[in-house]
Each structure stands twice: as C-alpha cells, then as structure tokens.
Amino acid sequence: MRLIIMGPPGAGKGTQARYIAEHFSIPAISTGDIFRANVSQGTPLGVEAKKFMDAGEYVPDEVTNLMVRNRIDEPDAEPGFLLDGYPRTVAQVEELDGMIAFTGHRLDAVVVLTVDQDEVVQRLLQRAQTEGRADDTEDVIRRRQEIYTEQTAPLIDVYRDRGLLVEVDGMGEVDDVTKRIFATLDVVSES
Ligand code: ADP
C-alpha cells in the first residue's frame, strides 16, 4: 500500500498515521517528525528547517523533496509507505508522482481528515501545553491554517480528480476515527 494522509494542522494525522501504518505493516513517514528530529539533533537540515517551522511557514520544496526521496529509498519503504505531511504543495505532488513512477508502483489512496477549524485550534493549544512544540502558539497555529488553506487544500481536488480521495470525518474519539479510516481503506486494499 502507498498511502497519503492529509488534513489541516491538528486534524490528528500523526496519531492516525501510526495506526494505519501498523495495520498495513508499512512505515509511517512524517516530514514534520523528521524535521523535528533534525532540529533537536542540530543537523544542517534542522538548522535550515527551523527558521521556517518556527514561523509556521513551509520549508522550501527543494529541501523537503530531497528529504522525502531519500526516506522513500530506504529498504523498509520498498513494500509501501504512508506519508504524513507530504505532499503539501502542488509542486510536491508532481515530485512525488515522479518518485513513485520511478519505482514502477502507484499511489493507492489519499485519506483526508475533515475537522472543525475552531475545535482544532483548541486541540493544538492543548498539545502546546503537554508537548511544548515551538510552533503551537496561537499566532503560529493561525498562520499554519492559512498556509494550509492556500497551498495544501487545493491538493484535495487534485487527488479527487484522480479518484484516489477517501474523505473521513476526523472529529470525535481517536478510536472511532481509526475505525472509520479502516472501514474505507480495507475496501481499497482488497480492490
Ligand atoms: P502539522 O501539525 O501542522 O500538521 P507537521 O508536524 O506535519 O505539522 O509539520 C510541522 C512543520 O514542518 C510545518 O509547519 C512545516 O514548517 C514543516 N513541514 C512539514 N512537512 C512539510 C512539507 N511537506 N513541506 C514543507 N514544510 C513541511
């Protein structure tokens, strides 16, 4: 399975990504997690990415694309993968198309978590208290939502046109959302 999970900041992508990955025995590849790991280790990639992340801006495509390409080339991603946080721009969609085509495979589905924006801001502010992520302040959350709407939401139409889109209600208990995702993805994986 080659899957993407999308949704606005705070939609619960990371949480659901872990369950989906486990269910299909594929790695969950989170660009946000990879960037954060690089930031905390102080690598050159981390130093570069931090400038953008702290402001809620996207890291430049050329940096992100190369990072994903290298990660997808790892042996554990050979049988498939779930991307969380990538692609986020139309240019990244094209880049990913190239990466997947090169391996002779294709994308199976794109899961979009739909959520209520106001509720999500509350979730993120709560996460700021428990996890202390540098980009979970109210101003930066608003900026991330804006950028998502401008640059990433248009990807939903792109994947809908390709017949790959699976829209799932992301509100409610984590377990219920997971069940909804599996109910739709199990159909995809059997077809
Ligand atoms: P969110 O909780 O908003 O979904 P993530 O943890 O996925 O955030 O990502 C955190 C930050 O990492 C983003 O705000 C952005 O700066 C950077 N980032 C992650 N993925 C990408 C990407 N595909 N393109 C550009 N920047 C990215």
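**View 1. Ser25 sits in the loop between helix 1 and strand 2 (28-30).** This is a predicted model, and the close-up starts at a backbone oddity. Phi of Ser25 is near 50 degrees, so we have a positive value in a residue other than glycine. Most residues other than glycine have a negative phi. On one side of this loop is helix 1, on the other strand 2.

**View 2. A cis peptide bond leads into Pro87.** Here the bond to look for runs from Tyr86 to Pro87, with omega near -5 degrees. Most peptide bonds are trans. As for where Pro87 is, look in the loop between strand 3 (81-84) and helix 5 (90-102).

**View 3. The ligand has a shell of 19 residues around it.** Lys13, Thr31, Glu57, Gly85 and Arg88 come closest. Which element gives the most to this shell? Helix 2 (residues 31-41) does, with 4 residues. Sorted by class, the shell has 8 charged residues, 6 nonpolar and 5 polar.

**View 4. Polar atoms of Glu57, Val59 and Arg88 meet the ligand.** Two of these contacts use the backbone: a polar backbone atom of Glu57 is 2.6 Å from an oxygen atom of the ligand, and a polar backbone atom of Val59 is 3.0 Å from a ligand nitrogen. With Arg88 it's the side chain, which places a polar atom 2.8 Å from a nitrogen atom of the ligand. How much of the ligand's accessible area does the protein cover? On its own the ligand has 550 Å², and the protein covers 96% of that.

**View 5. The largest pocket is the space taken by the ligand.** Its volume is about 960 Å³, and 39 residues line it. Nearest the centre of this pocket you'll find Lys13, Arg36, Arg127, Arg133 and Arg144. Helix 1 (13-24), helix 2, helix 6 (117-131), helix 7 and helix 9 (174-190) are the elements that give two or more residues to the lining. By class, the lining of the largest pocket splits into 14 polar, 13 charged and 12 nonpolar residues. Lys13 is worth picking out in this view: besides lying among the residues nearest the pocket centre, Lys13 is one of the closest to the ligand.

**View 6. The whole structure holds 1 cavity of 30 Å³ or more.** The volume of this cavity is about 80 Å³. It has 13 lining residues, and those closest to its centre are Gly7, Lys13, Gly85, Arg88 and Thr152. Some of these names are back from earlier views: Lys13, Gly85 and Arg88 are also among the residues closest to the ligand. Which element gives the most to the lining of this cavity? That's strand 1, with 3 residues. Strand 1 (2-6) and helix 7 (138-152) each supply at least two residues. The lining of the largest cavity has 8 nonpolar residues, along with 3 polar and 2 charged.

Conventions: Residues are numbered from 1 along each chain as its sequence is written. This is a predicted model: local features need pLDDT of at least 70, side-chain atom pairs count only at pLDDT 80 or more; totals for chains, interfaces and linings use all residues. Side-chain values use heavy atoms; hydrogens and water are left out. A residue is near a molecule or strand if one of its heavy atoms lies within 4 Å of it. A polar contact is a pair of N or O atoms within 3.5 Å; within protein, one must be able to donate a hydrogen and the other to accept it, and residues adjacent in sequence count only if both atoms are side-chain atoms. Accessible areas come from the Shrake-Rupley method with a 1.4 Å probe; for residues, only the protein chains shown count as cover. On a 1 Å grid over the protein atoms alone, a cavity is a set of points where a 1.4 Å probe fits but cannot get out, and a pocket is an open set with protein on both sides within 12 Å along at least five of seven lines; lining residues have an atom within 4 Å of a point. A molecule sits in a cavity or pocket if more than half of its atoms lie within 2 Å of its grid points. Ala, Val, Leu, Ile, Met, Phe, Trp, Tyr, Cys and Pro count as nonpolar, Asp, Glu, Lys and Arg as charged, and the others, Gly among them, as polar. Grid points are joined across faces, edges and corners, and a volume is the space filled by probe spheres set on the points.
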